[in-house]
Amino acid sequence: MKKRKVSTENDPGPRLQRVNQYLEKNFPDFFAEARFQVGDDDYFLYARFGQYLARTIEQNRASRDKINRGFTVLNKMARVSARHPRIRQMLVSGPLEYIVDAPKARALARKRLSAVAQGYLESLCE
């Protein structure tokens, strides 16, 4: 009997490992709390991160450096999503949706996001 190779094409987890590590390193409190609440579900982790980032920007609760690191997380995710449609869907329907709904966050995102991520953001604005 031949062993089948398990396809991870639909599982974005391995592809997001570096982004997860960056998120955990730069936002340890958020990461620990979110993982406790949502477990290993990356979709909800990044949706909550988008909500957290948008709320932080709207309420002026973080330093410029912290906000820039938040956009770095999204840019890293956008870079990975260029090759993986599942991650692209996760980025657009998760964190970017929260940023579109927050006027200050959306204005700042237009300055800080990469061209790829801005394209996804603009597609949500239409």
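This is a short presentation on a predicted model of a single chain, covering its confidence, its helices and a few individual residues.

Good morning, colleagues. I shall begin with how far the prediction can be read. The average pLDDT of the chain is 87, and 88% of the residues score at least 70. The exception I would point out is the stretch of residues 1-9, where the pLDDT is below 50. In the model, that stretch has 2 contacts beyond near neighbours in sequence. Where pLDDT is low, predicted coordinates should not be read in detail. I shall therefore leave the placement of residues 1-9 aside, given their pLDDT below 50.

Let me turn to the overall architecture. The chain contains 8 helices and 0 strands, so that its pattern along the sequence reads α-α-α-α-α-α-α-α. It has 126 residues, of which 39% count as buried. If we take the contacts between residues at least 6 apart in sequence, 60% of them join residues at least 24 apart.

I now come to the packing of the helices, and I have chosen three pairs. Two packed helices are described by the angle between their axes and the distance between the axes.

The first pair is H2, residues 28-38, with H3, residues 42-58. Their axes come within 10 Å and cross at roughly 135°. An angle of that value makes H2 oblique to H3, and the crossing is right-handed. On the H2 side, the contact is made by Phe30, Phe31, Ala34, Arg35, Gln37 and Val38. On the H3 side, Asp42, Phe44, Leu45, Arg48, Phe49 and Tyr52 take part. By class, this contact comprises 8 nonpolar residues, 1 polar residue and 3 charged residues.

The next pair joins H3 to H7, the helix of residues 103-112. Here the axes are 8 Å apart and the angle is about 100°, so the two helices, H3 and H7, are roughly perpendicular to each other. H3 contributes Ala54, Ile57 and Glu58, while H7 contributes Pro103, Lys104, Ala105 and Leu108. Of these contact residues, 5 are nonpolar, none is polar and 2 are charged.

The last pair is H4 with H8, whose axes lie 8 Å apart at an angle of about 90°. H4 and H8 are therefore also described as roughly perpendicular to each other. Asn75, Ala78 and Ser81 of H4 meet Val116, Ala117 and Tyr120 of H8. This contact has 4 nonpolar and 2 polar residues, and no charged ones.

Let me next look at H5, which spans residues 85-93. Which residues of H5 are buried? They include Ile87, Met90, Leu91 and Val92. The elements covering the buried residues of H5 include H3, H4, H6 at 95-100, and H8 at 115-125. Arg86 is also in H5, but this residue is partly exposed, with a relative accessible area of 35%. Arg86 and Tyr43 are 43 residues apart in sequence, and their C-alpha atoms are 9.8 Å apart in space.

I should like to return to H2 and consider Arg35, which is placed in that helix. Is Arg35 buried or exposed? Its relative accessible area is 18%, and because the cut-off for a buried residue is under 20%, Arg35 counts as buried. Apart from neighbours within four places in sequence, Arg35 contacts Asn20, Asp40, Asp41, Asp42 and Leu45. Among these partners, Asn20 belongs to H1, residues 17-26. Asn20 is likewise buried, at a relative accessible area of 11%. Leaving out residues up to four places away in sequence, Asn20 touches Phe31, Arg35, Asp42, Leu45 and Tyr46. Both Asp42 and Leu45 thus appear in the contacts of Arg35 and in those of Asn20. Asp42 and Leu45 also belong to the H3 side of the contact with H2.

My final point concerns backbone geometry. Most residues other than glycine have a negative phi. Asn60, however, has a phi near 50°, which is a positive value in a residue other than glycine. Where is Asn60 found? It is in the loop between H3 and H4, the latter covering 64-81. With 60% relative accessibility, Asn60 counts as exposed.

To close, I would recall the chain of 8 helices, the oblique pair of H2 and H3, and the roughly perpendicular pairs of H3 with H7 and H4 with H8. Thank you for your attention.

Note on methods:
Residues numbered from 1 in each chain as written. Predicted model: local features only at pLDDT ≥ 70, side-chain atom pairs only at ≥ 80, totals over all residues. Heavy atoms only, no water. pLDDT = per-residue confidence, 0-100. Contact = heavy atoms within 4.5 Å. Axes fitted to C-alpha atoms, helices over the stretch in contact; angles between N-to-C directions. Helix = DSSP H or I, 4+ residues; strand = E, 2+ residues; numbered from the N terminus. Parallel < 35°, antiparallel > 145°, perpendicular 65-115°, else oblique. Left-handed = near helix turned anticlockwise from the far one by under 90°. Nonpolar A, V, L, I, M, F, W, Y, C, P; charged D, E, K, R; others polar. Buried < 20%, exposed > 50% of the residue type's maximum accessible area, 1.4 Å probe, protein only.
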